[in-house]
Amino acid sequence: MNDFHIQWHITDRCNLRCLHCYQDSFEGSCELNWENLKEICDNLIKSMQALNKRLTISLTGGEPFLKDELFSIIDYLSASEYVSELNIITNAILVDKYISKLKGFPKLKNIYVSLEGTTPLVNDSIRGNGTFRKVLSNLELLKDNDFSVFIMFTLLKSNLGEVERLLDFCRKNGLSGFILERFIPLGQSKKIKQGLVSSSQLQGVYKIIFEQCGLDFFEEAVKYHALKVEVEEGKADLFGAECVVGRYGCAVLPDGGVLPCRRFNLKIGSLFQASLADIFNNSPVLKKARLKESLQGYCRDCKIEGCLGCRALAFAVSGYYTLSDPLCWIRKAGVT
């Protein structure tokens, strides 16, 4: 039974205003009460039964620790045999207030902590003054309580130079590793759309990480929309994440709306109107997004097996999700 990955944004409220944030609203007006949250949970569980999959779910926001029902959701989902793993994505500013409550959930596997630099100068220019030192203190707290902690790093032009220091930072601080993702300009981050890296810069970043992990870089790594590096006993293992859109994942919003992924800001349904299984199987957007012949430009003719480009980035940049991926370095090199 394969895993299905969901990023559930349980609140829009947040205690930070990061420059690169994909939200454009930070109000809690569309949040759900516990009865509605349970209805969402039941929808997800029944949909996993229908899809014959098990659920890996990451709870986030906004800032998930601002949602009173966070631990009720974790407890409720943990009881289902169709939920294999739970994770939390957080800015970690409030972790110290909840560390004791985080214990006791065997299916709670990882805490993903957003950090955009290995120094206060770089990180705080993006996430706000004082955030680096507070996060570093809470990383120590999480580590002391035996949690698996990964850094979530969003690649921007302003933090390109930090990439080569991420691995050493994780080792020095006893972290489990890091995940590197592309910046996609939407929400309030449209104001800094010039922060989007070029295809050649993205390629250079991938080459650095491959080399640090002792691997030979290959051009077709462009199909990986994120890189995950796991650190254990001095060894760094690299995992490439292909696009989940239309394949094995989606995002759920605070009001129960469904997106193909959180950065693909095109609503494809509501969990109060249909099951996730029905939305996933029948969405016209997903049907197009998962087929090369539905795409345009060089993405349509690309010979890389399994690569469909980044539909979220195409949509954010152009307004059309079927257009070519702007960060494909193979296209930039004139190769199809």
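Which residues line the second largest cavity? The lining consists of Cys243, Val245, Arg247, Ala289, Leu308, Gly309 and Arg311. This report treats a predicted model, beginning with its enclosed spaces.

## Cavities

Two cavities of 30 Å³ or more are present in the structure. The second largest cavity, introduced above, has a volume of about 30 Å³. By class, its lining comprises four nonpolar residues, one polar residue and two charged residues.

The largest cavity encloses about 420 Å³ of space. Its lining is made up of 29 residues, and those nearest the centre are His20, Cys21, Tyr22, Ser114 and Arg127. Strand 1, strand 3, strand 5 (148–155) and strand 6 are elements that each contribute at least two residues to this lining. In terms of residue class, the lining of the largest cavity holds eleven nonpolar, eleven polar and seven charged residues.

## The largest pocket

The volume of the largest pocket is about 1000 Å³. A total of 36 residues line the largest pocket, with Gln7, Glu181, Ala226, Ala241 and Val244 lying nearest its centre. Two or more lining residues come from each of several elements: strand 1 (3–9), strand 2 (54–60), strand 3 (83–90), strand 6 (177–182), strand 7 (226–232), strand 8 (235–241), strand 9 (249–252) and helix 11 (311–318).

The lining of the largest pocket divides by class into 21 nonpolar, seven polar and eight charged residues. Strand 1, strand 3 and strand 6 appear among the contributors to this pocket, and these strands also supply residues to the lining of the largest cavity.

## Packing of helix 4 and helix 5

Two packed helices are described by the angle between their axes and the distance between the axes. For helix 4 (residues 120–127) and helix 5 (residues 131–144), the angle is about 105° and the axes are 8 Å apart. Angles of 65 to 115 degrees count as roughly perpendicular, and helix 4 and helix 5 are therefore roughly perpendicular to each other.

On the helix 4 side, the contact involves Pro120, Asn123, Asp124 and Arg127, which meet Thr131, Phe132 and Arg133 of helix 5. By class, this contact has two nonpolar, two polar and three charged residues. Arg127, part of the helix 4 side of the contact, is also one of the residues nearest the centre of the largest cavity.

## Salt bridges

Across the whole structure, 14 salt bridges are found. One of them pairs Lys134 with Asp96, and the closest N and O atoms of this pair are 3.2 Å apart. Lys134 belongs to helix 5 and Asp96 to helix 3 (residues 95–102), so the salt bridge ties together parts that are 38 residues apart in sequence.

## Backbone geometry

Most residues other than glycine have a negative phi, and most peptide bonds are trans. Against this background, two sites deserve mention. The peptide bond from Gly61 to Gly62 is cis, with omega near 20°. Gly62 is placed in the loop between strand 2 and helix 2 (70–78).

The other site is Asn52, a residue other than glycine whose phi is positive, near 55°. Asn52 lies in the loop that runs between helix 1 (34–51) and strand 2.

Definitions and conventions. Residues are numbered from 1 along each chain as its sequence is written. This is a predicted model: local features need pLDDT of at least 70, side-chain atom pairs count only at pLDDT 80 or more; totals for chains, interfaces and linings use all residues. Side-chain values use heavy atoms; hydrogens and water are left out. On a 1 Å grid over the protein atoms alone, a cavity is a set of points where a 1.4 Å probe fits but cannot get out, and a pocket is an open set with protein on both sides within 12 Å along at least five of seven lines; lining residues have an atom within 4 Å of a point. Grid points are joined across faces, edges and corners, and a volume is the space filled by probe spheres set on the points. Helices (H or I, at least four residues) and strands (E, at least two) are DSSP runs, numbered from the N terminus. Ala, Val, Leu, Ile, Met, Phe, Trp, Tyr, Cys and Pro count as nonpolar, Asp, Glu, Lys and Arg as charged, and the others, Gly among them, as polar. Axes are lines fitted to C-alpha atoms, for helices over the stretch in contact, and angles run from 0 to 180 degrees between N-to-C directions. Angles under 35 degrees count as roughly parallel, over 145 as roughly antiparallel, 65 to 115 as roughly perpendicular and the rest as oblique. Contact means heavy atoms within 4.5 Å. A salt bridge is a side-chain nitrogen of Lys or Arg within 4 Å of a carboxyl oxygen of Asp or Glu.
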